[in-house]
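Biologist: I am new to this model. Please pick one part, look at it closely, and then work outwards from there.

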Amino acid sequence: MLDIRELRRDGEQMVARLARRGVNFDLAAFRALDAERKQADMLSQDLQAQRKQASRDVGELVKSGVAVDEAKARVAEVQAKIDAQMQAALDRAAELHGQIEALLMAVPNMPLDDVPEGKDEADNVELRRWGQPRQFDFEVRDHVDVGATLASGELNFDLAAKLSGSRFSVMTGSLARLHRALIDFMVDMHADQHGYQEVYVPYLVGPEALRGTGQLPKFEQDLFRIQGDRELYLIPTAEVPVTNLAANEIIDSAKLPLRYVCHTPCFRSEAGAYGRDTRGMIRQHQFEKVELVQLVRPEESAAALEALTGHAEAILQALELPYRVVVLCTGDMGFSACKTYDIEVWIPSQNTYREISSCSSFADFQARRMQARYRADSGKPELLHTLNGSALAVGRTLVAILENYQNADGSVTVPPVLRSYLGGRETL
């Protein structure tokens with residue numbers, strides 16, 4: 001959420017920054033609401049002062065010769081009128097506070113100055129590439145066909161459809177083991193080599209957690225809500241529960257930065273997905289991810305984003321999968337992000353790079369919504385900066401392996417770095 005104090009102090013500049021990402025923020029409407037809110041607050045405070053003064057008037061009335069009981073009755077009558085006015089003022093102030101909060105909760109984060117301006121993914125800027133796409137001497141098949149031929153169908157979408165409908169998958173045998181090996185490899189590398197603490201979190205969260213990271217209220221249609229005696233949602237990403245570990249906390253500065261790695265399933269309705277991504281494992285309702293989350297001091301967030309992105313890249317380099325890194329333009333960034341790097345892996349069947357990770361800095365946007373703070377050297381609580389990134393999306397990594405490591409005879413070579421996780425097996 002945007003800083004309301006900054007909005008009051010320098011609203012025009014904030015409006016200009018939001019305009020870079022195509023957001024037309026109505027500053028006049030905000031200021032009108034805020035002015036009315038201020039008047040309601042001041043009125044309630046004035047009425048509270050009048051009520052206290054009325055209590056003191058009992059003694060003055062008694063001194064002037066009015067009987068004690070009569071003096072109390074007169075004051076009680078005045079206070080009753082004040083109480084009615086004050087309750088109305090408090091109710092109006094609360095209503096206006098709620099309207100202002102709802103207005104600000106629907107506004108995305110402001111992009112950093114070095115984020116390129118643009119409307120959509122066509123305006124993203126490529127920063128670097130790693131590895132060379134393989135040149136095949138046979139007709140390349142996509143991962144659906146490769147998986148279907150492994151041991152007579154180790155990747156099966158028809159079985160999944162029988163259980164749950166479209167956009168689910170069933171994996172069996174060596175393919176299921178390779179999928180699990182990828183998870184273990186990623187978590188091990190981040191925990192052992194990159195300094196992240198492994199965490200396990202719930203897969204169901206309340207709405208306050210989703211509001212904290214920015215999925216609610218704007219993106220409720222993308223979530224799966226659970227029917228029951230509590231309002232709970234299936235997590236769309238481990239970002240939600242892991243980042244919210246710091247919600248309403250004040251963390252000792254000496255403990256920063258905090259780095260977490262977490263594997264979870266993720267659940268998304270994918271209401272707007274269509275076209276080629278509805279085939280196979282690229283865009284499913286249920287998938288696995290290994291997520292990186294960092295909580296840092298504000299002055300460390302720029303360097304932390306570069307480091308986190310490098311940690312995600314290291315997984316692809318170890319797997320020897322070609323990829324490229326792009327910085328997202330203002331029109332393609334996620335709601336809560338102020339800067340995002342997308343890592344895109346080479347998919348031979350599509351002859352292009354496809355997103356496999358988004359690594360984002362949110363500055364204090366999420367922390368303000370969650371009230372996630374640390375105690376600065378001055379002793380004063382300050383908002384943390386939060387960052388996260390997929391490292392990696394497991395299903396898409398599996399897709400990239402099946403396609404990049406496929407062989408003419410229908411087998412798939414296991415990347416050398418994964419073979420110890422499969423008992424030394426070299427091919428599927």
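Modeller: Pro217 sits in the loop between helix 7 (207–213) and strand 6. Helices (H or I, at least four residues) and strands (E, at least two) are DSSP runs, numbered from the N terminus. The model is predicted, so local features need pLDDT of at least 70 and side-chain atom pairs count only at pLDDT 80 or more, while totals for chains, interfaces and linings use all residues. Residues are numbered from 1 along each chain as its sequence is written, and side-chain values use heavy atoms, with hydrogens and water left out.

The peptide bond from Leu216 to Pro217 is cis, with omega near 5°. Most peptide bonds are trans, and most residues other than glycine have a negative phi.

The loop leads to strand 6, so look at its sheet. An open sheet of 3 strands runs in the order 5-7-6, with antiparallel pairing. Strand 5 (204–205) and strand 6 (224–226) are the edges; each has a single partner strand, so one side of each lacks a neighbour in the sheet. Two strands pair if DSSP finds at least two bridges between them. Strand 6 and strand 7 (residues 232–234) are joined by 3 bridges and run antiparallel. Across that pair, Ile226 faces Leu232 of strand 7.

Now the other sheet. This open sheet has 8 strands in the order 1-11-12-13-16-10-9-4, and its pairing is mixed. Its edges are strand 1 (125–130) and strand 4 (197–198); each has a single partner strand, so one side of each is left without a neighbour in the sheet. Strand 1 runs antiparallel to strand 11 (residues 323–327), joined by 5 bridges. There, Val125 stands opposite Val327.

This sheet holds a cis bond too: the peptide bond from Ala391 to Leu392, with omega near 15°. Leu392 belongs to strand 16 (residues 385–393). Asn351 has a phi near 55°, a positive value in a residue other than glycine. Its place is the loop between strand 12 (339–347) and strand 13 (352–361).

Helix 6 lies across strand 4, strand 9 (258–267), strand 10 (286–296) and strand 16. Helix 6 runs at about 5° to strand 10. Axes are lines fitted to C-alpha atoms, for helices over the stretch in contact (heavy atoms within 4.5 Å). Angles run from 0 to 180 degrees between N-to-C directions.

Helix 6 (residues 173–192) also packs on helix 9 (residues 301–319): their axes come within 11 Å and cross at roughly 130°. Helix 6 and helix 9 are therefore oblique to each other. Under 35 degrees counts as roughly parallel, over 145 as roughly antiparallel, 65 to 115 as roughly perpendicular and the rest as oblique. Helix 6 contributes Leu182, Phe185, Met186, Met189 and His190 to this contact. Among the helix 9 residues are His311, Ala312 and Ile315. By class, the contact has 9 nonpolar, 2 polar and no charged residues. Ala, Val, Leu, Ile, Met, Phe, Trp, Tyr, Cys and Pro count as nonpolar, Asp, Glu, Lys and Arg as charged, and the others, Gly among them, as polar.

Helix 11 (residues 394–404) meets helix 6 as well, with axes within 10 Å and a crossing of roughly 120°. Helix 6 and helix 11 are therefore oblique to each other. Leu175, Leu178 and Ile183 are among the helix 6 residues in this contact, and Val394, Thr397 and Ile401 among those of helix 11. This contact likewise has 9 nonpolar, 2 polar and no charged residues.
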